[in-house]
Amino acid sequence: MKQASLAGAGLLAFPSLNAAPAASPHRPGFREYLPSLEWERSLPAPELKARLLANENPWGPSPQARLAIMESAVEGNRYQHQAASALRKEIAAFEGVSEDHIVVAPGSSDILEKMAIMHYLEEGNLVTADPAYMSLIKTARQMGAQWNKVKLAADWSHDLEGMASAIDKHTRLVYICNPNNPTGTLTDPDKLRDFCRTVSKDVPVFVDEAYLEFLPNRAKQTMVKTIQEGHNVIVARTFSKIHGMAGLRVGYGVMQPEMRQQVDGIWRNNMSLCKTSLMGAMASLRDTGFQEMSREKTAAAREQTYVGLEKLGLEYVPSHTSFILFPLAVEGQAFLDDMFAHGVGVRVFDVHGKTHCRVSMGTPEEIDLFLESLGSVLAK
Ligand SMILES: Cc1ncc(COP(=O)(O)O)c(C=O)c1O
């Protein structure tokens, strides 16, 4: 299927991309279904009426960010070291650290990738939860790292004791996503902070907080405090979620200055950053009203989804994020294709042998369409 979809995208014309695909980093315990070949062939693909597959924020970017983007477009002829530096300064103040703790990047994906590259050039292993967000894991695997995965606890929180036991002398990095993707669940921040303080004495702990801002009390939940205390912890954040700027590509990392210097060694020195996005991010950071609105609308969308799922007699994993995971007693591939045929894009995974759907939060109309389509597909 992978070959066929590459052919469909015209990529087989490039021999280097035609090499045998690397072994999938997904093991049978966590596997993703992709839209079927038949779907890809039906070009042009019908527009999705509800795009609930990438945890995007349907309300963004904020009006202030849009204005800043438009106003700064005219300066697109210049490289943007100063704007990058200005954003770094604002983020440092926001996080309560000095500027030399901050890295700004084109999305937090870039930070995940760089961290994997930095830590896995030699033989080593990575400790993560299972399931977890796969981006850093995929890069680390490509770098040759072993993957020590520890199943989430029964309540879907991180099994911190299990993760500590999975660390050995070859461990280069521990990666924790909190709240976790794809489960939407939160690990107790006090316990996680203790874990970070202890474990980071031997090995850096990377905490991906992409969804942290959907929690009502961000300051209490973040691991940045452990960085302020001097521990070797890295926190990644993004403007793609609460700020609704996924297509504008801005993310940042908070880390010890020594780590930041190391990252600088493989970074592109602001060359991957874009003026309009930087100015948009700065405006959005100040637009706390928009962030609050996003938080409230996302919470309302979660409630709407819970009610709809309950009406359909379905269970779900209560979420702290902008998406909800729920198990289904159907075959994953057919379900995914049927939902797409209704114009509703969702994600479907096999988590520990059971089909699960992950639906991103959307507008009330999108959620209605999702629930309606879900009902029809399951009644088929
Ligand atoms: C947990 C997590 N981390 C990082 C990212 C990447 O975000 P971005 O590169 O857009 O900042 C995502 C995107 O969905 C995510 O879910």
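A nonpolar core is understood here as a set of buried Ala, Val, Leu, Ile, Met, Phe, Trp, Tyr and Cys residues that are joined through side-chain atoms within 4.5 Å. In the structure described below, which is a predicted model, the largest such core has 37 residues, and V174 and F195 are those with the most contacts inside it. Helix α4, which spans residues 81-95, supplies the largest share of this core, namely five residues. When neighbours within four places in sequence are left aside, V174 is in contact with F195 itself, with V127, M163 and I167, and further with V199, V203, P204, V205 and F206. Another core lies apart from this one and has 30 residues, among them F30, A116, M134 and V351.

The protein chain as a whole contains 15 helices and 13 strands. Of its 380 residues, 54% are buried, and the accessible surface of the chain comes to about 17000 Å², with 53% of that surface belonging to carbon and sulfur atoms. Among contacts between residues at least 6 apart in sequence, 74% join residues that are at least 24 apart.

The ligand is surrounded by 14 residues, of which S108, S109, Y211, T238 and S240 come nearest. This shell divides into five nonpolar, six polar and three charged residues, and helix α5, residues 108-119, gives the most to it, with three residues. Several polar atoms of the protein lie at short listed distances from oxygen atoms of the ligand, including a polar side-chain atom of T238 at 2.6 Å, a backbone N or O atom of S108 at 2.7 Å and a polar side-chain atom of N181 at 2.8 Å. Taken alone, the ligand exposes 400 Å², and the protein buries 92% of that area.

N181, whose side chain has just been described beside the ligand, is located in the loop between β6 (171-177) and α8 (189-199). Because buried means under 20% relative accessible area, N181 counts as buried at its relative accessibility of 3%. The side chain of N181 is joined to that of R358 by a polar contact of 2.9 Å. Not counting residues up to four places away in sequence, N181 touches N55, A132, Y133, Y211, F323 and R358; Y211 is also one of the residues that come nearest to the ligand.

The backbone shows special geometry at several positions. A cis peptide bond joins N181 to P182, with omega about 20 degrees, and P182, too, lies in the loop between β6 and α8. A further cis peptide bond runs from D130 to P131, where omega is near 5 degrees; P131 belongs to the loop between β4 (125-130) and α6 (135-142). N55, one of the residues touched by N181, has a phi near 50 degrees, which is a positive value in a residue other than glycine. This residue, N55, is placed in the loop between β2 (50-51) and α3 (63-72), and it counts as buried because its relative accessibility is 1%. W156 likewise has a positive phi, near 70 degrees, in a residue other than glycine, and is found in the loop between β5 (146-151) and α7 (160-166). At 22% relative accessibility, however, W156 counts as partly exposed, since that class covers values between the 20% limit for buried residues and the 50% limit for exposed ones.

K201 offers an example of an exposed position, with a relative accessible area of 65%. K201 lies in the loop between α8 and β7 (205-208), and a polar atom of the K201 side chain is 3.3 Å from the backbone oxygen of R197. The C-alpha atom of K201 is separated by 7.3 Å from that of H231, although these two residues are 30 residues apart along the chain.

Definitions and conventions
Residues numbered from 1 in each chain as written. Predicted model: local features only at pLDDT ≥ 70, side-chain atom pairs only at ≥ 80, totals over all residues. Heavy atoms only, no water. Buried < 20%, exposed > 50% of the residue type's maximum accessible area, 1.4 Å probe, protein only. Helix = DSSP H or I, 4+ residues; strand = E, 2+ residues; numbered from the N terminus. Contact = heavy atoms within 4.5 Å. Polar contact = N/O pair within 3.5 Å; in protein donor to acceptor, adjacent residues only side chain to side chain. Near = heavy atom within 4 Å. Areas by Shrake-Rupley, 256 points an atom, 1.4 Å probe, with all protein chains shown as cover. Nonpolar A, V, L, I, M, F, W, Y, C, P; charged D, E, K, R; others polar.
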